[in-house]
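Trainee: I would like a close look at one part of this structure, followed outward step by step into whatever surrounds that part. Could you take your time and keep the explanation connected?

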Amino acid sequence: MEHKIPATKFDSFSKRDLLLKLTADRFSKLSNNLNFESDIKRYQATTITAIAYLKETKQYRKQLQLCLKNFAGRTAETFHPEFISAVRKLYQEHLINLGRSVIEFSEQKVNRKKTLDLDFSGAEISNLHFSGILENLFNEYGEGILNLEYAPWTCRMARIYNCSKDTMNRIEGKLRTIGQFGCLDDAISFLEIRIGLHGRYTFKLLVDDLDELISDFLIDSSNGHINKVKAQKPVDELVKEAAGKYEILNAPNYLVNPEAYKSILKHRIKSTLKNRKFS
């Protein structure tokens, strides 16, 4: 006899809300999870989840930028191994405290009297971290609740503790804070290259390509027109301002050749000013 399970389809929620509900449920159970050999490992698990969440929701780069901003002005002389080691230790200790805090918060705020049954039939979970979380939930749901005779992955159901919109928003804020410190290894690798190239690190906003730079720098997002303040400035002044403000991640050649960077910026800025309307 088939089990008739009233469940909510996974795509009834936005990706953000779905991942936050899964995260809140997982964090609320971490203290009793015997798969972790110590509380420290539990707290560290929150960092892994935070980074996975931020990358999946395209918020990671912003937290990386916040981390990098703290190192503005560092030189080859001041960004030495002893300094890096001390920062790592400092951030690791802080992450443990942040992990403890978000677990305690989740335990207090999830509604243990109200569960949510989720149907993931047809879902393709590309994020390996959240795929692993779901696999554990499928197994727990199938074996512990329904006693299904067939494989839990076939039913693709999960039962989680529910939480309010406010709780999700507050957990997201905590994930962002964790991410700002949890991205340190990426930040160090990033800094080592730029300090090696230029002798010091100058903080810049990170953009994927030239189109994103022009859009952020010149275009008024409210109407799609050229920003009227920028339109009054000389092109050479705009080029200098843009070169000092942005780094294009997908064009490492501009890190090596700043003059080529300024040249392409001048061409694109002139072209944009000529062809777009003014606000």
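Mentor: Let us begin with a single pairing, in which A158 of β3 is the bridge partner of L118. Please keep in mind as we go that this is a predicted model. Beside that pairing, D119 has M157 as its bridge partner in β3. Both pairings belong to the contact between strand β2, which covers residues 111–119, and β3, two strands that run antiparallel and are joined by 6 bridges.

On the other side of the story comes β1, which runs parallel to β2 and is joined to it by 2 bridges. Here we meet D119 of β2 again, since K9 stands opposite this residue. Put together, the 3 strands form an open sheet in the order β1-β2-β3, and the pairing is mixed. The edge strands are β1 (8–9) and β3 (157–162), each of which pairs on one side only. As you look along the strands, it helps to remember that in a regular strand the side chains alternate between the two faces of the sheet.

Now turn to what lies across this sheet. Helix α1, residues 15–29, lies across β2 and β3, and its direction makes an angle of about 75° with β3. One residue to look at in helix α1 is S28, whose relative accessible area is 1%, so S28 counts as buried. Leaving aside residues up to four places away in sequence, S28 touches S106, E107, V110, R112 and Y161. Of these neighbours, R112 falls within β2 (111–119), while Y161 falls within β3 (157–162).

A second residue worth following is L134, which is found in helix α5, residues 128–146. L134 has a relative accessible area of 2%, and because the limit for burial is under 20%, this residue is buried. Its contacts, again not counting residues up to four places away in sequence, are L22, F120 and I125; L22 falls within α1 (15–29). By contrast, I226 is 92 residues from L134 along the chain, and the C-alpha atoms of these two are separated by 46 Å.

The contacts of S28 included S106, and S106 leads us into α4, where it is one of the buried residues, among them also F83, I84, V87, Y91 and L95. The buried residues of α4 pack against α1, α2, α3, α7 and α8. As for its length, α4 has 29 residues and reaches 41 Å from its first C-alpha to its last, close to the 42 Å expected at 1.5 Å a residue.

One of those packing partners, α3, has its own buried residues: Y60, Q63, L64, Q65, C67 and L68. The elements that cover them include α2 (39–56), α4, α7 (165–182), α8 (184–198) and β4 (205–207).

Let us finish with the aromatic rings at the start of α4. A pair of aromatic rings is described by the distance of the centres and the angle of the planes. If rings are counted as a pair when their centres lie within 6.5 Å, the count comes to 8 aromatic pairs. One of them joins F71 and F79, edge-to-face, with 6.2 Å from centre to centre and 90° between the planes. F71 is buried at a relative accessible area of 3%, and F79 is buried at 8%. F71 also forms an edge-to-face pair with F83, where the centres are 6.3 Å apart and the planes meet at 85°. Since F71 lies in the loop between α3 (60–69) and α4 (81–109) and F83 lies in helix α4, this pair ties together parts that are 12 residues apart in sequence. F83 has a relative accessibility of 18%, so it too counts as buried. The three residues F71, F79 and F83 form one aromatic cluster.

Rings can also meet charged groups, and two cases can be found here. R194 lies over the face of F190, 3.5 Å from the ring centre, and the charged end of K230 sits over the ring of F217, at 4.9 Å from its centre.

Note on methods. Residues numbered from 1 in each chain as written. Predicted model: local features only at pLDDT ≥ 70, side-chain atom pairs only at ≥ 80, totals over all residues. Heavy atoms only, no water. Phe/Tyr/Trp six-rings, centres within 6.5 Å; stacked < 30°, edge-to-face > 60°. Buried < 20%, exposed > 50% of the residue type's maximum accessible area, 1.4 Å probe, protein only. Helix = DSSP H or I, 4+ residues; strand = E, 2+ residues; numbered from the N terminus. Lys NZ or Arg CZ within 6 Å of the ring centre and 35° of its normal. Pairing = 2+ DSSP bridges. Contact = heavy atoms within 4.5 Å. Axes fitted to C-alpha atoms, helices over the stretch in contact; angles between N-to-C directions. Expected span 1.5 Å × (residues − 1).
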